[in-house]
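Here are my notes for you, written as numbered points. Keep the model open while you read and look up each residue as it comes along.

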Amino acid sequence: MPTRAKDSLRENRPVHDIDFAAADFQRDPWPTYDWYRENEPVSLSRRYGAHFVFGYEHVRRVMTSPDFTAFHPFRVSRRAFGPTMLDQDGEHHTRLRSAAADPFRPRAATEFGRRVVAPLAGRMLDDLLTRGHGDFVARLAERLPMAVVCHVMGLPDGDAGRLRELMRPLVEYVDHGTVSLEQVVAARGELRSYLRAALSARPGADGLLNALAENGTLDEADVVNTSVLLLAAGTETTAAGITNVLSRVAAEPEVFHRLREDRSLVRAVVTETLRHEPPLHVTLRFAARDVTLGGVDIPVGTPLQVVLASANRDPAVYPSPHVWDPERTVRTPFTFGMGRHVCLGMGLAQQELEIVLHGVLDRVEELGLRGGPLAPAQGRTFRTVRDFECVYRLRSGGDAVRTT
Ligand code: HEM
């Protein structure tokens, strides 16, 4: 009988309610996503006072329909970065996004990749690989994205380390970390002062920071908040993406050899890694009016936790979704979102991931993972593989050396 069937499903529930902070969930969220996607694809969480959305089609609707909005005056990203395009809709969103769009257009991103990202990544890789050992994550995956955003903004390379430190509390806060709002406010205050000083020190300089200030449609707060958003949005996610791609190809020596022979596979490897283990698992929306989603009535104003990562493994769209398979013909995954807020830096981020992989293939003859299978990614909202160790042999015939 339907009721009994439903009860027994409930008994098999892996969790009573999603808890981002639970160690088990952070280690392996996939069985939880599977269960909900199959049984309650739109599910009310009492813990978070929000509906969670798990299935591909439901996620697509929330991300693309005007029934849902990114705007909320108190959402966490707004508390961290100030009001930005991420939490606006309508005319204000269009104005902010258009003002920042030029360097991220496909042709500009490709040209920037060739002119700036490739040499930067090459220098970092040479420095790391010729040392014989070193921390890939700290020396490249986390450094490159901030160096790239600094170039886009027209900020000095030398400031990238300090900016990464100032960004950390903001990113932690958005990731529901242990950092307090006071720490966020202090770091954001320093960031804003830094950006204002950079603007007044170099009027007319090249780069997006000055272009925003000279755009004529933004006030000073818009310029500074957009810059803070770009420094945050372009770094943590891209660092996780680079790490996930390198650790994955290290775990698949056969694929690494095929890549060495046929570089046309680079894009598919990057795309599939981003589908399989997206750096950002969840984003937030709000019901713009009373709506029904997946048979569930959702009153206006209700928050929705949109689980992009779960939609990326929906078996209705991706057969054998838990298998990492660069051969699959991929229907657009939600790694970069979808709809009017789709990631502004998507083209640039893809360039960075592909350029690093090409850089490794140019320099490394053999690559492998030390000590068994690849550990799964970890984290709350931002998720990345940690604690992996690679062994590699350089193309120039250097000794077997390692990096973490
Ligand atoms: C692998 C790396 C990246 C991933 C996985 C990623 C993911 C995302 C996602 C899922 C969204 C949509 C959020 C939503 O709709 O609520 C987004 C938005 C955004 N991303 Fe990225 N991102 C990455 C890299 C970048 C880079 C390199 C930049 C710029 C330097 C960037 C700038 C932005 C901005 C400005 C938005 C807000 C767009 C809007 O609201 O209109 N991202 N990103």
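**Notes on the ligand, a pocket and a cavity**

1. A nitrogen atom of the ligand sits 3.4 Å from a polar backbone atom of A233. That is a polar contact, meaning a pair of N or O atoms within 3.5 Å; within protein, one must be able to donate a hydrogen and the other to accept it, and residues adjacent in sequence count only if both atoms are side-chain atoms. The elements giving two or more residues to the shell around the ligand are α6 (90–100), α13 (220–233), α14 (236–251) and β5 (282–287). Helices (H or I, at least four residues) and strands (E, at least two) are DSSP runs, numbered from the N terminus.

2. Before going on, a word about what you're looking at. This is a predicted model, where local features need pLDDT of at least 70 and side-chain atom pairs count only at pLDDT 80 or more, while totals for chains, interfaces and linings use all residues. Residues are numbered from 1 along each chain as its sequence is written, and side-chain values use heavy atoms, with hydrogens and water left out.

3. Back to the ligand: which residues are closest to it? They are R97, T283, R285, H341 and C343, out of 26 that surround the ligand (a residue is near if one of its heavy atoms lies within 4 Å). A polar side-chain atom of R97 is 2.7 Å from a ligand oxygen, and the backbone joins in at M85, where a polar atom is 3.4 Å from an oxygen of the ligand. α13 gives the largest share of the shell, three residues.

4. What is the shell made of, by class? There are 14 nonpolar, nine polar and three charged residues. Here Ala, Val, Leu, Ile, Met, Phe, Trp, Tyr, Cys and Pro count as nonpolar, Asp, Glu, Lys and Arg as charged, and the others, Gly among them, as polar.

5. Now look at the second largest pocket, with a volume of about 620 Å³. Of its 27 lining residues, E142, R168, E236, T384 and R386 are closest to the centre. The largest share of this lining, five residues, comes from α10; α10 (160–174), α14 and β11 (383–384) each supply at least two. By class, the lining has nine nonpolar, seven polar and eleven charged residues.

6. How do you find such spaces? On a 1 Å grid over the protein atoms alone, a cavity is a set of points where a 1.4 Å probe fits but cannot get out, and a pocket is an open set with protein on both sides within 12 Å along at least five of seven lines; lining residues have an atom within 4 Å of a point. Grid points are joined across faces, edges and corners, and a volume is the space filled by probe spheres set on the points.

7. The structure has three cavities of 30 Å³ or more, and the second largest has a volume of about 40 Å³. I242, V245, L246, L353, V356, L357 and V360 line this second largest cavity. Its lining is seven nonpolar, no polar and no charged residues, and α18 (346–363) provides the largest share, four residues.

8. Finally, check T238, which is in helix α14. T238 counts as buried because its relative accessibility is 6% (buried is under 20% relative accessible area, exposed over 50%, partly exposed in between; 1.4 Å probe, protein chains only). Beyond neighbours within four places in sequence, T238 is in contact (heavy atoms within 4.5 Å) with P145, A349, E352 and L353.
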